[in-house]
Amino acid sequence: MPLYSRLKTNTYIDSVTLMAISTAINQLDGVIQAQVAMGSPMNKAVLTEANLLTDELSTAVASDLMIAVVVEESSHVDEIFIQVEALLSRKPTADIEEKNEIFHTITAAADKNPESNLVIISVNGAYAAREAEKALMLNKHVMLFSDNVPIEQELHLKQLAHNKKLLMMGPDCGTAMINGVGLGFANKVRQGNIGIVAASGTGAQEVSVRIHEFGGGVSQLIGTGGRDLSEEIGGIMMLNGLQLLAEDPHTSVIVIVSKPPAPSVAEKILTACQQISKPIFIWFLGYQGEQTLSSHIQIFSHSKPTAMAAVIKSGIAEESIDKHALNWPLINEVRAKLSPEQKYIRGLFCGGTLCDEALFSAMEKHDEVYSNIHPNKAHRILATDKSKGHTFIDFGDDEFTQGKAHPMIDPSYRIERILQEGKDPEVGVLLLDFVVGFGANLDPVNETLNALIQVKQDAHNAGRHLEILAYVLGTELDSPSVNSQIALLEKAGITIASSSTNAGLLAKEFVVKGE
């Protein structure tokens, strides 16, 4: 079966479109296997693993488009590549039917729509800063969804935005909600008086969903990008976002979401909080314990109590909140099913902050905790490394997303790892998240369910119990609804956690021995 390739230099196509194109090419008559991807090192490694990397494609750089096709017969290859070119150049059907205007530059779009004041950018990281600067120079707020942007470029963009009194959300800003409109990955939650400023996409989603569940509502959700509270950036957008929420008449309570900031940046953030009269609740992932800094500022280590405290302060009666206490009978039941050898958790996550929360929970009780996003470099592994001990993998990390769709859209890489981890006799718990809502996969559970059923059955056939613990992030207003996804998992015998916090707490207790 002959392999053919084409390299299209300086040709960028977004990862979601490329995923659809690859699927379409694989369905063409005469095609055995095909892959279309940008020429990033990660994508070239994927092609190498699939035996699809040719000498021609090995020269690709991140701005080049790689096409690899295995055909049944060489005589048909020219005809197949004609069809491939047609797929690459085809306009989306929706655009043709609805006659939407297509603009090839930000300037052209701004000229035609001068009243617009926000630009969302999602292109390859190599081009993202250039486009964001164009938007800022046009006096537009920016949400930069793109990742893999050098931190020096991020600093320049945020300094420019600060000087122009504009928001520069990102790079790597996955979630925002401005005036009730969800941007990037977002969930349908009721509007209310709680404002969120977050250096974490799925962390912001989790807090907004818990606020909704507890009866509260969100006024604004401002994303900053995950590196904003680093020493290099200095919390520029976090400080700007805090000031905006402090001045917003519709916001009565403020929630801050972030991984632990650099110490000097933490001091700046907390000093700014002291100057704001509104109650502020801070969720710092990995923070040890809870702390009341003043009469109106509290720091929490977990998402659920942060959201609960904010909702109560916003005016919701505490007795009306269903707090979902940790299920100790379930914990003891699972412990009894696991053999002494089954002592490890394997957490496979689409949401980086959800991964972090489970990771930090495990570290509270267990040694041998490893992750591709572990804060301690001695416990950090590459995402493609074999798991060891308690391993937590964030499939949304830059290492995975260069030139391909985020795992909340395309879960295929995680599915491969599920099948791998399920075979390990030392694994007691597989811990997974599923995220529904705007921007995410339209049916994430069904995409993964067959793999979960298979590893559960394989473990049973091998004479052991494999506990699969899942958390679904979403609301009943999302499409699909959170309850419909939970029902699919429960039907397959999979245990459900009621929140990200409870998912991490349950997993760490399930594998405890001797208590």
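**View 1. Glu206 and the residues around it.** Leaving aside neighbours within four places in sequence, Glu206 is in contact with Ser303, Leu354, Tyr471, Leu473, Ser499 and Ser500; contact here means heavy atoms within 4.5 Å. Glu206 itself sits in helix α8 (residues 201-213). Helices (H or I, at least four residues) and strands (E, at least two) are DSSP runs, numbered from the N terminus. With 0% relative accessibility, Glu206 counts as buried. Buried stands for under 20% relative accessible area, exposed for over 50%, and partly exposed for anything in between (1.4 Å probe, protein chains only).

A word on what you are looking at: this is a predicted model, where local features need pLDDT of at least 70, side-chain atom pairs count only at pLDDT 80 or more, and totals for chains, interfaces and linings use all residues. Residues are numbered from 1 along each chain as its sequence is written, and side-chain values use heavy atoms, with hydrogens and water left out.

**View 2. Helix α11 meets helix α18.** Two of the contacts of Glu206, Ser303 and Ser500, turn up again here. The axes of α11 (residues 303-314) and α18 (residues 500-510) come within 7 Å and cross at roughly 145°. Those axes are lines fitted to C-alpha atoms, for helices over the stretch in contact, and the angles run from 0 to 180 degrees between N-to-C directions. On the α11 side you'll find Ser303, Lys304 and Pro305, and they meet Ser500, Thr501 and Asn502 of α18. Sorted by class, this contact has one nonpolar, four polar and one charged residues. For that sorting, Ala, Val, Leu, Ile, Met, Phe, Trp, Tyr, Cys and Pro count as nonpolar, Asp, Glu, Lys and Arg as charged, and the others, Gly among them, as polar. As for α18, 11 of its 11 residues are buried, including Lys508 and Glu509.

**View 3. Helix α6 and its surroundings.** Helix α6 (residues 125-137) has 13 residues and reaches 19 Å from its first C-alpha to its last, close to the 18 Å expected at 1.5 Å a residue. The expected span is 1.5 Å times one less than the number of residues. At the N-terminal end, Asn124 acts as the cap, with a side-chain oxygen 2.8 Å from the backbone nitrogen of Ala126. Which residues of α6 are buried? They are Gly125, Tyr127, Ala128, Ala129, Glu131, Ala132, Ala135 and Leu136. These buried residues pack against α5 (106-112), β4 (118-121), β5 (141-144), α7 (151-163) and β6 (168-169). Just after the helix, Asn139 takes a positive phi of about 65°.

**View 4. Asp478 in its loop.** Asp478 lies in the loop between β19 (467-473) and α17 (482-491), and it is buried, with a relative accessible area of 5%. Its side chain makes a polar contact of 2.9 Å with the side chain of Asn187. The side chain of Asp478 also reaches the backbone nitrogen of Thr475, at 2.9 Å. A polar contact is a pair of N or O atoms within 3.5 Å; within protein, one must be able to donate a hydrogen and the other to accept it, and residues adjacent in sequence count only if both atoms are side-chain atoms. Leaving aside neighbours within four places in sequence, the contacts of Asp478 are Asn187, Lys188, Val436 and Gly437. Look along the loop too: a cis peptide bond joins Ser479 and Pro480, with omega about 0°.

**View 5. A tilted pair of phenylalanines.** The rings of Phe281 and Phe300 have their centres 6.4 Å apart and their planes at 40°, so the pair is tilted. Rings of Phe, Tyr and Trp (its six-membered ring) pair if their centres lie within 6.5 Å; planes under 30 degrees apart count as stacked, over 60 as edge-to-face and the rest as tilted. The pair links distant parts of the chain, with Phe281 in strand β12 (residues 280-284) and Phe300 in strand β14 (residues 297-300), 19 residues apart. Both of these phenylalanines, Phe281 and Phe300, are buried.

**View 6. Two asparagines with positive phi.** Asn10, in the loop between β1 (3-8) and α1 (15-26), has a phi near 50°. At 64% relative accessibility, Asn10 counts as exposed. Asn148, in the loop between β5 and α7, has a phi near 55°. Asn148 counts as partly exposed, at 29% relative accessibility.
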